[in-house]
Amino acid sequence: MLIEKIKKHWLAVSAAALSLVIALFWLALRVNWSGISKALGADKNQSFFIMETPLIFCILMFLSAIFAFAALFVWSGKRKAPFIASLAVSGVFFIIEIVVIALGAKDYLPFILPSFGLSLLISLCLLAFALLLFFPPTAKTKLVTTLKWVTLGVALFGTVLVAFDVKANYFTYNPVVYAVEDDYQIVFGTNDESIAWVEIGDEKFYDLYAGSMKSKDLVHKVTVPQDKLDKAGGYTIGAQTMIYRGPFGGYKGKVLTKSFNFRGVNTEDGLDYYAITDVHGARKGAVSAAQAFEADLQKQGRTTDFLVILGDSYSMIDSEYDAQFTNLFAHDVTKGEYPVIYARGNHEIKGKYAEDLYKYVGSKNQNFYYDFTLDGGKVYGITLDLGEDHTAGANDDDGWWEYYGTDVFSKYRNDQTEFLKQIIQEERHLNRDYTVVCCHIPIQFVNARHNNKEVKALWTELLNDIQPDMCVYGHQHDLYPFLDGQDTMYNEKGNLVYNSQFKGENKTYGGYLTDFEFNGFICGRRGSTQTDSVGAFNKSRHIGLGTSVDFTANSQVSVYINSKGERVAVFNPFAEGEAKTEFITNLK
């Protein structure tokens with residue numbers, strides 16, 4: 001009966017269906033709405049029309065869908081004109097969406113399509129329920145009777161689940177051990193709101209707030225002393241569902257536990273670590289590249305001492321999954337068995353879960369700058385966070401329109417400047433065997449927009465005093481070494497000149513390098529070589545930087561390794577010379 005009606009009114013049904021699909025896809029495109037405004041000139045003109053054009057189109061598309069469905073009931077079988085007009089309007093909107101995708105949204109299709117698919121699935125389920133509710137089958141066959149009872153049962157069961165928040169509890173995300181100051185922060189996740197703890201030997205450490213166990217989060221962060229975990233060589237995570245937490249009583253579910261081995265950093269035979277950055281969802285490639293470095297070390301009887309994650313693990317932090325993504329691939333690499341260092345990326349500032357990200361990764365006082373020690377203080381590190389460099393201009397490092405007035409990074413950077421001065425004043429960096437600085441946005445490299453140039457110059461001056469053995473960065477999606485004493489090339493305008501073998505003769509870049517006296521590397525990109533192009537859907541190719549330190553020789557070797565296990569030949573982009581598969585630098 002229903003199928004016959006659809007066949008009879010195929011034009012009306014097609015118009016309604018197409019208009020809904022077009023509207024839902026535009027809604028899923030909202031992660032790129034700012035890009036649409038930018039294409040219309042938002043960088044220079046933030047008028048209402050330019051800024052709100054994507055929202056206006058969204059309203060128009062849904063109004064068009066409402067009209068098409070209303071027409072389905074009013075004019076179906078009577079007139080064709082309303083449905084032909086609806087199809088024509090949908091065709092125009094479809095062309096607009098194709099143009100938006102071609103102009104840049106295609107790079108975000110891995111994020112857009114799942115959102116679109118979910119909204120489409122929900123819409124189909126609601127539509128099916130509405131059809132059964134308003135147009136129930138009139139036949140009294142067993143099949144129809146069964147269908148009615150199944151529909152009613154599913155509706156009642158779903159209502160109970162939602163009303164009483166009923167769900168089985170289990171560990172959704174395995175632990176990652178972040179190094180912050182002289183402690184470890186062990187982060188893991190559960191499917192339901194739970195209390196949580198970590199056991200080391202006979203001692204328990206809890207996920208607390210002001211002396212009380214937290215019980216309304218799905219993510220759990222437990223701080224433990226480094227020396228205790230290093231000595232114990234293993235730990236157990238625990239969680240228990242909080243079914244009901246009332247003012248004078250409550251109910252808890254079953255206890256969950258899971259145990260893991262752990263090895264602390266030991267520099268007696270040197271130091272080996274891997275830095276990965278700008279994964280942007282390419283979990284498979286990032287994990288394969290890190291595992292390739294580990295496999296190469298194991299052939300030499302060594303293991304990775306710690307993993308450095310330099311931000312932009314995901315392209316936005318808009319859901320629980322996005323916030324946990326760093327932990328997903330970090331655990332894939334480390335298995336929770338050795339430390340991780342985390343530096344926040346600029347893409348991890350974007351999205352509604354961004355302000356909760358500190359719960360999911362290594363952080364200090366809800367900030368992403370801190371110092372850390374490993375191996376009883378022999379290894380010293382500093383993690384910094386420039387925030388964003390897509391800003392209003394060289395003389396205004398805040399106020400980029402895409403942040404709609406929420407960015408106040410200048411004060412945040414000033415706090416970090418004082419933090420660096422305090423490190424120097426207290427001499428916390430002295431008497432260390434090795435010092436590493438981690439930051440998503442490169443400190444030594446000033447981009448063509450010259451954003452953050454003052455703070456980069458100041459931080460460079462302070463780091464020259466600290467004399468780190470290594471600085472590791474991300475953000476640029478490049479493989480760039482910045483070597484102390486390199487013969488950097490500039491033209492008469494003060495712009496950087498590219499290595500002719502890398503970019504060709506007379507190619508320049510409108511930025512410059514700071515006056516640094518330490519070595520640094522931009523650590524990774526999607527791909528297999530320094531310059532290849534990889535599509536947004538290719539998640540299997542990535543490159544990171546592995547560094548092995550020989551304290552006896554007072555030197556370190558840095559190599560770029562891709563997900564195929566190959567050493568990548570890399571040019572120094574702004575100094576003449578052949579491409580190298582390893583960079584040997586002295587310790588400070």
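Select strand S3, residues 194-200, in this predicted model. The strand is mostly covered, with 6 of its 7 residues buried. Keep S3 selected and add its partners one at a time.

Add strand S8, residues 234-245, which pairs with S3 in the antiparallel sense over 6 bridges. To check the register, pick Ala196 in S3 and look across to S8, where Ala239 is its bridge partner.

Then add strand S4, residues 203-206. S4 also runs antiparallel to S3, and 4 bridges join the two. A pair to label here is Glu199 and Lys204, the latter in S4, which stand opposite each other. S3 and S4 form a hairpin with 2 residues between them. Within that turn, pick Gly201 and read its backbone torsion: phi is positive, about 65 degrees.

Staying with backbone torsions, move on to two residues that are not glycine. Most residues other than glycine have a negative phi. Select Lys335 first, where phi is near 60 degrees, a positive value. Lys335 sits in the loop that runs between helix H10 (320-334) and strand S12 (340-342). Is Lys335 buried or exposed? Its relative accessible area is 41%, so Lys335 counts as partly exposed.

Go next to Glu427, which is not a glycine but has a positive phi of about 60 degrees. The loop holding Glu427 lies between helix H11 (409-426) and strand S15 (434-439).

Now switch to a surface display and select Phe48, Leu55, Ile56, Ile59, Leu60, Leu63 and Ile66. Together these side chains make a nonpolar surface patch of about 670 Å². Colour helix H4, residues 48-74, to place Ile66, which lies in it. Ile66 has a relative accessible area of 54%; the cut-off for exposed is over 50%, so Ile66 is exposed.

For the last stop, keep the surface on and select Glu461, Asp465, Asp515 and Glu517. What do these four residues form on the surface? They gather in a patch of negative charge. Centre on Glu517 and show the backbone around it: this residue is in the loop between strand S21 (512-513) and strand S22 (520-522). With a relative accessible area of 42%, Glu517 is partly exposed. A patch member needs over 30% relative accessible area, so the value for Glu517 meets that condition.

How values were computed: Residues numbered from 1 in each chain as written. Predicted model: local features only at pLDDT ≥ 70, side-chain atom pairs only at ≥ 80, totals over all residues. Heavy atoms only, no water. Patch = residues over 30% accessible without salt bridge, like charges linked within 9 Å, V, L, I, M, F, W, Y side chains within 5 Å. Areas by Shrake-Rupley, 256 points an atom, 1.4 Å probe, with all protein chains shown as cover. Lys, Arg positive; Asp, Glu negative; His and termini not counted. Charge placed at Lys NZ, Arg CZ, Asp CG, Glu CD. Buried < 20%, exposed > 50% of the residue type's maximum accessible area, 1.4 Å probe, protein only. Pairing = 2+ DSSP bridges.
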